[in-house]
Amino acid sequence: LDRIEDDTAGASKRTKSRLGVAARLAKVAAGMRMLRAVGRAIYSAGGALDLTGFGGTPIRWHSGHSTLRTHHRGESTLRKSNGEPRPSRAVRMCCQTNRDFGRAWGSVRLSICDSDNEKDDADPAIDGDCGVFTDGATPEGRVLRVIRSIISDLDVPRHLQKPFNPILGETARHELQLVGGCKVKSVIEQVSHHPPITAFHCDGDGDWVIRGYFQPRPRLLGVHAVEVEMLGRRMWEVGPRDRREIYESDYCGFVWKFLPRMKTKIAPQTWFVECKQTMLRAEVTHGSRRSMKGRVFNVLKPSETLFAIDGAYDSRVFVKEPSMTKIHVLYDAEEAAAAEEVEADVAFELPGDEKSSERVWGSVIDAMNRGAWDEAQAGKRRVENAERKERQRRKDAGEGPWRPRFFEDVDGDWVLRRSGDEPRGAP
């Protein structure tokens, strides 16, 4: 290809045309060879090729941030009623969680929706009077609120772009000032490189905590799709400080489809929420067109459904008690969107933190923003090579296992060390 392009520079117009066609055919042939090589690799891997350790992503395929910033900076595919995009998943989830588990959590009804306080003429089965329907003071009300917090977080990447793989020990900090005064402080750290595991801790002014860890595992499915499985756990710690309840949940993965047209969707899988103190568990399964179905039950009586869940996360999700005929609105996307307002949204780094995400990838992102792709690719390569050299240095020096600065592994769960003053607020 380089030879053809060099020959084209000094050729006549007719010759240039022939050489141009030859160049295009050569590129098609190169693409076909690449597809055949990928196909052989996928076949050898049993139909799905693990891309976790793949380091050859072209710089133009990258988003302008690290994996640590995806939850905060990723653009939403969801829209408000006026057509404007909804805020990031971090903003949506923190706003919803604070509305449900803020200081008034014990006195607020389950419904956040005005629509659940009014008759629905289109569907008379939808209850217009909450009546004695379970609220936040009951275990059933609290597990439904955690489910609602997870629903507010459901989304898929808007763009087919890969975030940078964080280096070991890379950190990110984030603070949200919610309307009403609550400050949500977050600290995130890359605690493992092989496999890539990210730990996080998000504190809502001491009223509630969302913490956990995640491990993305991308796989190439044939030559038509990439599936990103999200391994790990996340915990909601809610309730008065003297009697906190912990709700454990896993994650939803997603699928990028290339053919017959480009689109992204949540993987057809089931996620759960469980509280060991109350013995309540929910299981929710995703279907087509953003639909979801699930149920809440007591783990001691798994065959008895306490609540049935049905709806779509981009519109409305309903909950129904099997013994009742009325249906209640658990989540209304339009009305939730109207309350997703923040007074301040700050991603920051502390002075002198050489492992902050902005310090690690700043020059690369700056080059990408200027369109200097060769410079950005070279910068990305420098970061990755420096990480490999540091890993080899630790190995040659016989150093013990690397120790994260802010998190520790407690029986397979990554938790924030309590010796410091993390998470910190923005300076």
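**Exercise 1. How many of the 13 residues of helix 4 are buried?**

The model is predicted: local features need pLDDT of at least 70, side-chain atom pairs count only at pLDDT 80 or more, and totals for chains, interfaces and linings use all residues. Residues are numbered from 1 along each chain as its sequence is written, and side-chain values use heavy atoms, with hydrogens and water left out.

*Solution.*
- Step 1. Locate the helix, a DSSP run of H or I with at least four residues, numbered from the N terminus. Helix 4 covers residues 89-101.
- Step 2. Apply the cut-off: buried means under 20% relative accessible area (1.4 Å probe, protein chains only).
- Step 3. Count. In helix 4, 11 of 13 residues are buried. Among them are Met93, Cys94, Cys95 and Phe101.

**Exercise 2. Find which residues line the largest cavity.**

*Solution.*
- Step 1. Define it. On a 1 Å grid over the protein atoms alone, a cavity is a set of points where a 1.4 Å probe fits but cannot get out; lining residues have an atom within 4 Å of a point.
- Step 2. List the lining: Arg92, Cys95, Gln96, Arg99, Ser152, Ala336, Ala339 and Glu340.
- Step 3. Assign the main contributor. Helix 4 gives the most, with four residues.

**Exercise 3. State how many disulfides the structure holds, and how accessible Cys252 and Cys275 are.**

*Solution.*
- Step 1. Set the test: a disulfide is a pair of cysteine sulfur atoms within 2.5 Å.
- Step 2. Read the result. The structure holds zero disulfides.
- Step 3. Check accessibility. Cys252 is buried at 15% relative accessible area. Cys275 is buried too, at 0%.

Terms used:
Buried means under 20% relative accessible area, exposed over 50%, partly exposed in between (1.4 Å probe, protein chains only). Helices (H or I, at least four residues) and strands (E, at least two) are DSSP runs, numbered from the N terminus. The expected span of a helix is 1.5 Å times one less than its number of residues. On a 1 Å grid over the protein atoms alone, a cavity is a set of points where a 1.4 Å probe fits but cannot get out, and a pocket is an open set with protein on both sides within 12 Å along at least five of seven lines; lining residues have an atom within 4 Å of a point.
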